[in-house]
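Student: I have a structure open and would like to learn how to read its features. Please take me through them one at a time.

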Amino acid sequence: MTGMLTARPLPARSKAFDLLLAGGLCMVFGFLSLAQAHFGGLLTFGMLVPLIWRRTHPELVFFAVCSVAILQWLVGVELQPGNVGLLVALYAITVYGDVRLSRIALGIGGLGVLMAVSRYWANSDWKQQVTTMGGLAALVFGVWAFGERRRTRGLYVAQLEERAAQLERDRDRESKLAVSNERTRIAREIHDVVAHGLSIMIVQADGGLYAADQSPEAAKKALATIGDTGRASLTEMRKMLGLLKQDEQSDLGPHQARPQPGVSSLPELIENVRDAGLAVEYTVTGQPRELPALLGLTAYRIVQEGLTNTLKHAGPGARTSVTLDFGREMLTVVVTDDGRGAGVAPSTDPGHGLVGMRQRVSVSGGTVSAGPKAGGGYEVIARLPYNLPTGGLVSERSE
């Protein structure tokens, strides 16, 4: 009952059309019936005027029109041209009304056929009665079937529209997620580049300050290293920040960011760290092979983060070892030092670097462990399978 009383939302354009339809039927059939019989004309208006609300309140309109038709049948008023309102109301409740009530409306329409034949064709022979009954029943059922087809088509179109809207929402959500993942990846790259460069610059600045009075040449070399490292880090950071402003990925131009570093770039990285004053031993075991871009970048960043942590925490005189082991199924990266950083580094806060390292290794489908060594020092061990997960290749595209 609540659903029957609640008006369905309808655009103003549709409301105007229903008003014109009801007004036109009243003008044509209402006044025509009124000219034939005054009471019959009033009943005609009673069946046509409610059609103004045929789409906002289809159930109420149908039952109101049927009530007027029953009154017409009871008082014995002849059928009027305005009885076409019954068919319009039946169509309206079939298309716009509740499905169960539309079935009831069909039954009421069939009952109305029997009542009309029994009242208005009672004096006819049985053949005419059967013919009239069949014709009226076909008309009622045809109007109902046409309305049912219209309802089904409307529901199908609504489902297609909802599906299209859902697909659009899913696409927007996936696009936002992809942008978020890309920004997280770029932010991680910026951290790795800047943290490593700043660590080298701090070590060189401290060394240069210490050697300024006793060895001016060493101080000049430290300043030169600081300048070179700062410029390189600034260039890399600008490239990364430029990627954040790109709405669409495009092919690399001559002035765009170069491909990300890989295992082949490790000797250059280690040489830069040696220039900063850290003793690094670099070892490669097994049979080296060509690695996917993501795997090579992950290995490079793990070594970079390990060396950065050594520069920051290991203390003066620390020695570092970097080992790449090309196994049969995976690459093992080991970065160790014999410094004192493990004893003073806070264990409750792994830092952004270690968190980013674990994220990288997780995307690559590998494992990583980082912690103090027995006997002193710190150790990072990462195991990276050669067969990368499919999702990782999508989420960590090489630039």
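**Reading the model**

Tutor: Start with one pair: the side chains of Thr310 and Asp337 make a polar contact at 3.2 Å. A polar contact is a pair of N or O atoms within 3.5 Å; within protein, one must be able to donate a hydrogen and the other to accept it, and residues adjacent in sequence count only if both atoms are side-chain atoms. This is a predicted model, in which local features need pLDDT of at least 70 and side-chain atom pairs count only at pLDDT 80 or more, while totals for chains, interfaces and linings use all residues. Residues are numbered from 1 along each chain as its sequence is written, and side-chain values use heavy atoms, with hydrogens and water left out.

Student: Is Thr310 buried or exposed?

Tutor: Buried means under 20% relative accessible area, exposed over 50%, and partly exposed in between, with a 1.4 Å probe and protein chains only. Thr310 has 3% relative accessibility and so counts as buried.

Student: Where does Thr310 lie, and which residues is Thr310 in contact with, leaving aside its neighbours within four places in sequence?

Tutor: Helices (H or I, at least four residues) and strands (E, at least two) are DSSP runs, numbered from the N terminus. Thr310 lies in helix H10, which spans residues 293-313. Contact means heavy atoms within 4.5 Å. With neighbours within four places set aside, Thr310 is in contact with Leu278, Gly315, Thr320 and Asp337.

Student: What does helix H10 lie across?

Tutor: For angles, axes are lines fitted to C-alpha atoms, for helices over the stretch in contact, and the angles run from 0 to 180 degrees between N-to-C directions. Helix H10 lies across S1, S2, S3 and S5, at about 10° to S3. Helix H9 (residues 266-275) lies across S1 and S2, running at about 160° to S1.

Student: What is the strand order of the sheet?

Tutor: Two strands pair if DSSP finds at least two bridges between them. Here five strands form an open sheet in the order S1-S2-S3-S5-S4, with mixed pairing. Its edge strands, S1 (279-286) and S4 (367-372), each pair on one side only. On average, neighbouring strands of the sheet are turned by 10° against each other, direction ignored.

Student: How many bridges join S3 to S5, and in what sense do S1 and S2 pair?

Tutor: S3 (residues 330-337) and S5 (residues 378-385) run antiparallel and are joined by eight bridges. Val333 has Ala382 in S5 as its bridge partner. S1 and S2 pair in the parallel sense, over eight bridges. There, Glu281 has Ser321 in S2 as its bridge partner.

Student: Which side chains of S2 are buried?

Tutor: The side chains alternate along S2: Thr320, Val322, Leu324 and Phe326 point to one face and are buried. Arg319, Ser321, Thr323 and Asp325 point to the other face and are not buried.

Student: How many salt bridges does a search of the whole structure find?

Tutor: Side chains of opposite charge can pair when their charged atoms come close. A salt bridge is a side-chain nitrogen of Lys or Arg within 4 Å of a carboxyl oxygen of Asp or Glu. The search finds nine salt bridges. In one of them, Glu148 pairs with Arg103, their closest N and O atoms being 3.5 Å apart. That pair links distant parts of the chain, with Glu148 in helix H7 (residues 126-211) and Arg103 in helix H6, 45 residues apart. Glu148 counts as buried at 16% relative accessibility, whereas Arg103 is partly exposed at 40%.

Student: Where in the chain do Arg274 and Glu271 sit?

Tutor: Both are in helix H9, three residues apart, so about one helical turn separates them. They form a salt bridge with closest N and O atoms 3.6 Å apart. Arg274 is partly exposed at 35% relative accessible area, and Glu271 is partly exposed at 38%. Elsewhere, salt bridges that share partners join Asp18, Arg54 and Arg55 into one network.

Student: What percentage of the whole protein counts as buried?

Tutor: Of its 399 residues, 39% count as buried. The protein has 13 helices and five strands.
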